[in-house]
Amino acid sequence: MSQPLLALAVKAKDFQTHHVIDNVEFSIDQGQVVSLVGPSGCGKSTLLRIIAGLGSDYQGEVRVKGERPHLHSRDVGFIFQEPRLLPWLTVAENVGFDLGRAGGKHPRVHELLTEVGLADFANAYPKQLSGGMAQRAAIARGLFTQPALLLLDEPFSAVDAFTRMRLQDLLLSITSHHDTTLLMVTHDVNESAYLSDRVVVMASRPGRISGEIEIGLPRPRDRRNLQLTQRAADILNLLNGGQPDSLDFSENPEQSVGCREPLFISRFNFAH
Amino acid sequence: MSLSSTAILPASGETPAGNSLRWQTLARKGQGLIVPVILLIIWESVVRLGWVSAHLLPPPSELVFTLADLGQSGAIFGHIGVSSLRVVIGFSIGAGLALIVGAAVGLSRCVEALLDPTFQAIRAIPSLAWVPLLLLWLGIDESPKITLIAIGAFFPVYLNFVAGIQNVDRKLVEVGGIYGLTGAKLITRIFLPASLPNLFTGLRSGLSLAWMFLVAAELIAATKGLGYLLTDGRETGRADLVIVAIIVLALLGKLSDSLLCWLERRLLAWRDVFDSRPS
C-alpha cells in the first residue's frame with residue numbers, strides 16, 4: 001500500500017497549561033482495526049477528536065487519505081460513547097441524518113438498519129429503543145456516509161456485558177462487510193485484544209505511546225483463546241509500565257493477513 | 001366443565017365488565033362537570049328567589065337569551081372576529097420577533113450580554129403602563145392595540161426560547177458539528193428542534209398573555225371587539241353583556257390554547273417524558 005489511510009504525528013497539544021499530548025505517532029492502513037488503550041487523561045479521545053476535525057489547535061501533522069482532517073469529511077465517520085441519536089428524529093431519519101430532512105428515505109438507510117437488526121424500528125423514536133439498540137442505530141448512522149475510516153470513542157462502555165459482546169461481533173462483521181477501517185478508543189483491554197489487529201497503548205501525563213501490541217490472530221476469534229488472553233495480558237503489562245515482553249510473534253506464525261476479507265466469507269473458510 | 005358453560009362465561013362476563021368500564025370513563029370525564037353544574041343551579045335559584053338582583057347578576061337562563069340575541073344579529077361574530085384577528089396579528093408579530101431575538105441571544109454570548117439586560121428591564125414594566133404611551137405615539141386605531149398584544153406575547157416566548165436554546169445538550173450540538181452543520185443549518189436542524197419543548201411552553205403562555213393584553217387594549221379605546229363589549233355593558237348597565245363577553249373570552253382563550261396544545265402533542269411526540277394521561 002503506497003500511503004496509509006491515516007498518518008498521524010501529533011508533536012504536541014496543549015490544553016490551557018497542560019501538556020496533553022507529547023509526540024504521538026502512528027499510522028493505519030486500509031482495512032485495519034486499531035485500538036487506542038490507555039488510562040483516562042492520556043489524550044486518546046483528544047486524538048480521535050483531532051482526526052475527526054473537531055480540534056485543530058495542535059502541533060504536528062495528521063493526514064487522512066493524504067488530506068488534513070476537516071469536519072464533515074467523507075472519509076471519516078464518528079461513533080460516540082453514547083448513541084447520541086437526535087430524539088426528535090425517527091431511527092431511520094437519524095441514520096440518514098447526513099442527507100438532511102429526507103435522509104430517512106434513502107435506500108441505504110434500510111439496508112443498514114437491516115444489517116444491525118433494526119429494520120422493524122425504522123419509524124420508532126429513539127426513546128423506544130433500549131441502550132443496545134440505540135447504539136446499533138448509532139453504528140448504522142456512523143456507517144451511512146460510507147466512511148473509509150470509522151472512529152469510535154469507547155462505543156460500548158455504556159452497555160451491559162452481554163450486549164457489549166454482541167455489539168462487538170456486529171461491529172466487526174458490518175465493518176468488514178463494508179471494508180471500513182476502524183480506530184477505536186477503549187478502556188477495556190479484553191475488548192481491544194478481541195477486536196483489533198493492533199493495539200496502541202498510551203501512557204498519561206503527558207499522553208504518549210508506551211508501546212504497541214500486534215494481536216496477529218485470525219478471525220473469527222474465540223474469546224477464550226489462550227493466545228488472545230496472552231495478548232490481553234501483554235496489553236495490561238504495557239499499561240502498567242511493565243516491559244512489552246511478548247512482542248515476539250514466533251508463537252503464532254499465521255498472521256492476520258487476509259482475515260479482513262468480508263467476514264461473511266472468512267468466517268466459514270478461515271481454516272485455509 | 002362443559003363446553004356450553006365456557007362459551008357462556010365470556011359472553012355473560014364481558015357485557016357487565018364492558019359496561020362498567022364505559023361508565024367509569026364517562027364518570028371520570030363527567031367529574032369535572034359536577035361543580036360547575038351545581039354552581040349554575042345555585043346561581044339560577046338565588047336570582048329566581050330574589051336574593052340577588054337580576055340586574056346585577058343576570059341568571060344563566062337570561063345569559064342564554066342575550067347570547068342568542070347577539071348571535072342572531074351577528075354582532076357577537078363581528079366582535080369575536082375583530083378580537084381574534086387582533087390577537088392573531090399581535091401574537092404572530094410578538095412571537096415572531098421573540099423567535100429571531102431569542103435565537104440571537106440564545107446562540108451568542110455577545111448578543112446576550114448586549115441585549116438581555118435591556119429586555120429584562122423592559123419586561124418589568126406592567127402591561128397597562130404601556131397603554132397611554134402607545135396611544136400617544138400611535139393614535140387610537142389598530143396599531144397601538146396590536147403593538148400592546150405583541151409586547152405581551154413577546155416576553156414569555158423570548159424567555160422560554162432563550163432558556164431552551166441554552167439548555168440544548170452540547171453532545172447533540174457536537175453531532176451536528178460532526179456532520180458539518182454550521183450557522184442556519186445548525187440552528188434549524190439541532191437548536192430549533194431541541195428547544196421546541198421550551199418554545200411551546202413559551203408560545204402557550206405568550207398566547208394567554210396576548211388575550212389578556214387584548215382586553216386591556218380594547219377596554220380603553222375600541223369601537224368593536226370583546227373588550228369593547230365589556231365596556232359597552234358596563235356603560236349601559238347591562239351585566240349580562242359583560243358576563244357573556246367574559247364567557248366568550250374564556251372560550252376563545254381555551255380554544256386557542258387547545259389548538260397549540262394539539263400542535264405541541266403532535267410535534268413533540270418524540271419526547272421521552274412522564275405522561276400522566278391514562279393510556
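A cavity here is a set of points, on a 1 Å grid over the protein atoms alone, where a 1.4 Å probe fits but cannot get out, and its lining residues have an atom within 4 Å of a point. With that in hand, here are the close-up views.

This is a predicted model, in which local features need pLDDT of at least 70 and side-chain atom pairs count only at pLDDT 80 or more, while totals for chains, interfaces and linings use all residues. Residues are numbered from 1 along each chain as its sequence is written, chains are lettered from A and ligands numbered from 1 in the order in which they are written, and side-chain values use heavy atoms, with hydrogens and water left out.

**View 1. The largest cavity has a volume of about 120 Å³.** A volume is the space filled by probe spheres set on the points, and grid points are joined across faces, edges and corners. Which residues lie nearest the centre of this cavity? They are Ser73(A), Val76(A), Gly77(A), Phe78(A) and Ile178(B), out of 14 lining residues. Two elements of chain A, β5 (76-79) and α4 (131-144), give two or more residues each to the lining. Helices (H or I, at least four residues) and strands (E, at least two) are DSSP runs, numbered from the N terminus. Strand β5(A) gives the most, with three residues. By class, the lining has five nonpolar, six polar and three charged residues. Ala, Val, Leu, Ile, Met, Phe, Trp, Tyr, Cys and Pro count as nonpolar, Asp, Glu, Lys and Arg as charged, and the others, Gly among them, as polar.

**View 2. The second largest cavity has a volume of about 70 Å³.** The structure holds four cavities of 30 Å³ or more. Residues lining the second largest one include Val131(B), Leu134(B), Asp141(B), Lys145(B) and Ala217(B). Helices α5 (127-138) and α6 (142-166) of chain B each supply at least two lining residues. The lining divides into eight nonpolar, no polar and two charged residues.

**View 3. The largest pocket has a volume of about 490 Å³.** Unlike a cavity, a pocket is an open set of points, with protein on both sides within 12 Å along at least five of seven lines. Of the 20 residues that line the largest pocket, Trp88(A), Leu89(A), Glu93(A), Arg101(A) and Pro193(B) are the closest to its centre. Helix α2 (91-95) of chain A and helices α8 (183-220) and α10 (239-267) of chain B each supply at least two lining residues. Which element gives the most to this lining? That is α8(B), with five residues. The lining has 11 nonpolar, four polar and five charged residues.

**View 4. Chain B and chain A bury about 2,000 Å² between them.** Buried area is the accessible area (1.4 Å probe) that two parts lose on being put together, summed over both. Of this area, 65% is on carbon and sulfur atoms. On the chain B side, Tyr179(B), Arg189(B) and Trp270(B) lose the most area to chain A, together 38% of what that side buries. The contact (heavy atoms within 4.5 Å) takes 18 residues from chain B and 22 residues from chain A.

**View 5. Three salt bridges link chain B and chain A.** A salt bridge is a side-chain nitrogen of Lys or Arg within 4 Å of a carboxyl oxygen of Asp or Glu. One joins the side chains of Arg84(A) and Glu174(B) at 2.8 Å, N to O. This pair runs from the loop between β5 and α2 of chain A, where Arg84(A) sits, to helix α7 (residues 170-178) of chain B, which holds Glu174(B). Glu82(A) and Lys171(B) also meet in a salt bridge, at 3.5 Å, N to O. Over all chains, the count comes to 20 salt bridges.

**View 6. Chain A has a cis peptide bond between Arg219(A) and Pro220(A).** Omega is about 0 degrees at this bond, and Pro220(A) is in the loop between β9 (208-214) and α7 (226-239) of chain A. Elsewhere, Asn23(A) has a positive phi, near 50 degrees, in a residue other than glycine. Asn23(A) is in strand β2 (residues 18-28) of chain A.
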